[in-house]
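Got the structure open in your viewer? Keep the selection tool handy, and we'll go through it stop by stop.

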Amino acid sequence: MSADGDSGKDGRPDPRQLSASGLDESQLSAEDLQALHAAVVLRSAPLGMAAKLHTLAQDDLQAGRPEPIPRGAAPAAGAIRALKLRIAPLPDKVRLKRLNTALPTPRYRRDERVARALPVVRKRLIIGELSSEQEHALARGLREQFGVDLSGWRVAAVFAHVPPEAKGAIVVDPELRWAAFSLPRGLPPQKCQAGYYLVVLTETDVEDSAGKTRKLLLRL
Amino acid sequence: MAALSYLDVLRLSGDVYMGGLMTVNELGLPTEFIYSEPLRPSKLQLSLYGTTLGRYLMIDVVGKGLIEASQSRGVPVVLAHDELLPLATRVKRPLCLLTQTTQRPMGAVGEVRAREGVEGGEEFTAQLSDVQSPYSFRIYDRVNFPVDQHIKAFLDCAAHFDVLEPLNRVKRTLELLKDEKPA
């Protein structure tokens, strides 16, 4: 089909007439001819980063605005086929890849020995935390331990529930704010005895904390 | 015999998460200790999860995992920080945040007073010992933590030890374990 709509006997354009595109279309097959008329010229942007599709529409041709293809420079049929390949439809399937976004599950470990190795800290009891029965038991315990010879010593601090099983691993803060103990390795906590109080005695004639101290465990 | 559990999840440098749960008996001695090995999300996971990653790891991965792995069923859990409180919607164990107030003793041992107008949960104070200041409990709701049912464990334990002290032990234990290489 030529731009002016004239055609020969077999429906092909008159070879003596050139189409508005300026090409001799007589040597083209019907398929190539159709492709040429629907030709798409890719005009690359200056940097080649983008492209603009431009279709040579029929009305463009009739308006006398054909693409500036010089006369006599008709592309070969192979070139037109290459042009057809360029405008082949986009693939309708893309290759998808799924990322594994699941977070790993941490491994849990059970180890009571780690926790038992750390000292247990007891705060110093404040006045009034011992019941009157416990105070009597404390006085009785001190008498039993030291007899009547307690002159020069005073009760400086009491710490509740220090098991006698931890007797060898008791540390007392120099300022008597806390006492810490560790359980012997391998001793189950349920075997530790309750009700024992750590009593710290200091010399009454020494004011600073550098004075002598005595520690004892009493069941109150 | 009364018992309390203590849960802490640490966010270490480099977006590494590690948690530990310790259960103590009424003398404050550990009867159970479970910890998670350090969990380090990849850069891709950091990017994909964005700001929700920390909360997800603390609550849904490490915290929930530790509580579910614990054998101390039904024992109340004291949480180390308030970011862990939403765990109450994921597990069946009663959870609370515990702090000691500086108020004067407010009455007899065992007295509980609700506090009004607390955002992000419920709060009440309880007198756990004769002469100490009352403790403040923050809970998610009373469905997870029925106060009447669980306050007794705190009373029994507070009679023997400072009920906040084991939290320090959990934290110190995790600090020791964080550099340990897996066996």
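Start with chain A by itself. Of its 220 residues, 18% count as buried. Bear in mind as you look around that this is a predicted model. Colour chain A by secondary structure and you should find five helices and nine strands, running α-β-β-α-α-β-α-β-α-β-β-β-β-β from the N terminus. Taking the contacts in chain A between residues at least 6 apart in sequence, 57% join residues at least 24 apart.

**Stop 1: the sheet with strands from both chains**

Now show chain B too and select the nine-stranded sheet. This is an open sheet with mixed pairing, and its order is 3(A)-3(B)-2(B)-1(B)-4(B)-5(B)-8(B)-7(B)-6(B). Which strands stand at the edges? They are strand 3 (108–110) of chain A and strand 6 (112–115) of chain B; each has a single partner strand, so one side of each lacks a neighbour in the sheet. Ignoring direction, neighbouring strands here are turned by 25° against each other on average.

Zoom in on the place where the chains meet in this sheet. Strand 3 of chain A and strand 3 of chain B run antiparallel, joined by three bridges. Select A:Arg109 and you'll see B:Tyr35 of strand 3 of chain B opposite.

Step one strand further into chain B. Strand 2 (residues 16–25) and strand 3 (residues 30–36) of chain B make an antiparallel pair over five bridges. For a landmark, pick B:Thr23, which has B:Glu32 of strand 3 of chain B opposite.

Next, turn on helix 2 (residues 53–69) of chain B. This helix lies across strand 3 of chain A and across strands 1 (3–12), 2, 3 and 4 (77–79) of chain B. Its direction is at about 35° to strand 2 of chain B.

**Stop 2: strand 8 of chain B**

Slide along the sheet to strand 8 (residues 135–139) of chain B. Is this strand mostly covered or uncovered? Mostly covered: four of its five residues are buried. Here's what sits alongside:

- Strand 5 (residues 95–100) of chain B runs antiparallel to strand 8 of chain B, with four bridges between them. B:Thr99 has B:Ser136 as its bridge partner.
- Strand 7 (residues 122–126) of chain B also runs antiparallel to strand 8 of chain B, joined by five bridges. Look for B:Glu123 opposite B:Arg138.

**Stop 3: where the two chains touch**

Select the residues of each chain that contact the other. You should get 29 residues of chain A in contact with 34 residues of chain B. On chain A's side, strand 3, helix 4 (112–117) and strand 4 (120–123) each supply at least two residues. By type, that side of chain A divides into 16 nonpolar, four polar and nine charged residues.

For a single residue with contacts in both chains, click B:Thr173, in helix 4 (residues 165–177) of chain B. Leaving out residues up to four places away in sequence, B:Thr173 touches A:Val114, A:Ala115, A:Leu118 and B:Gly20. Why does B:Thr173 count as buried? Because it has 22 other C-beta atoms within 10 Å, and the cut-off for buried is 20 or more. If you'd like to try the distance tool, go from the C-alpha of B:Thr173 to that of B:Leu79: the two are 94 residues apart along the chain and separated by 16 Å.

**Stop 4: the nonpolar core**

In general, nonpolar side chains tend to be buried together in soluble globular proteins. The largest nonpolar core in this model has 70 residues, and A:Tyr197 and B:Leu7 have the most contacts inside it. Helix 2 of chain B gives the most to this core, with seven residues.

Centre on A:Tyr197. Setting aside residues up to four places away in sequence, A:Tyr197 touches A:Val158, A:Phe159, A:Ala160, A:Val162, A:Leu218 and A:Leu220.

**Stop 5: chain A's three-stranded sheet and helix 5**

Select strands 5, 8 and 9 of chain A, which form an open antiparallel sheet in the order 5-8-9. Strand 5 (153–159) and strand 9 (213–219) are the edge strands, each pairing on one side only. From one strand to the next, the twist averages 30°. Six bridges link strand 5 of chain A with strand 8 (residues 196–203) of chain A, and A:Trp153 is opposite A:Glu203.

Last stop: helix 5 (residues 132–146) of chain A. Its 15 residues reach 21 Å from first C-alpha to last, close to the 21 Å expected at 1.5 Å a residue. Following helix 5 of chain A is A:Gly147, with a positive phi near 70°.

Definitions and conventions: Residues numbered from 1 in each chain as written. Chains lettered and ligands numbered in written order. Predicted model: local features only at pLDDT ≥ 70, side-chain atom pairs only at ≥ 80, totals over all residues. Buried ≥ 20, exposed ≤ 12 C-beta atoms within 10 Å, placed from the backbone. Contact = placed C-beta atoms within 7 Å. Pairing = 2+ DSSP bridges. Axes fitted to C-alpha atoms, helices over the stretch in contact; angles between N-to-C directions. Nonpolar A, V, L, I, M, F, W, Y, C, P; charged D, E, K, R; others polar. Core = buried A, V, L, I, M, F, W, Y, C linked by C-beta atoms within 7 Å. Expected span 1.5 Å × (residues − 1).
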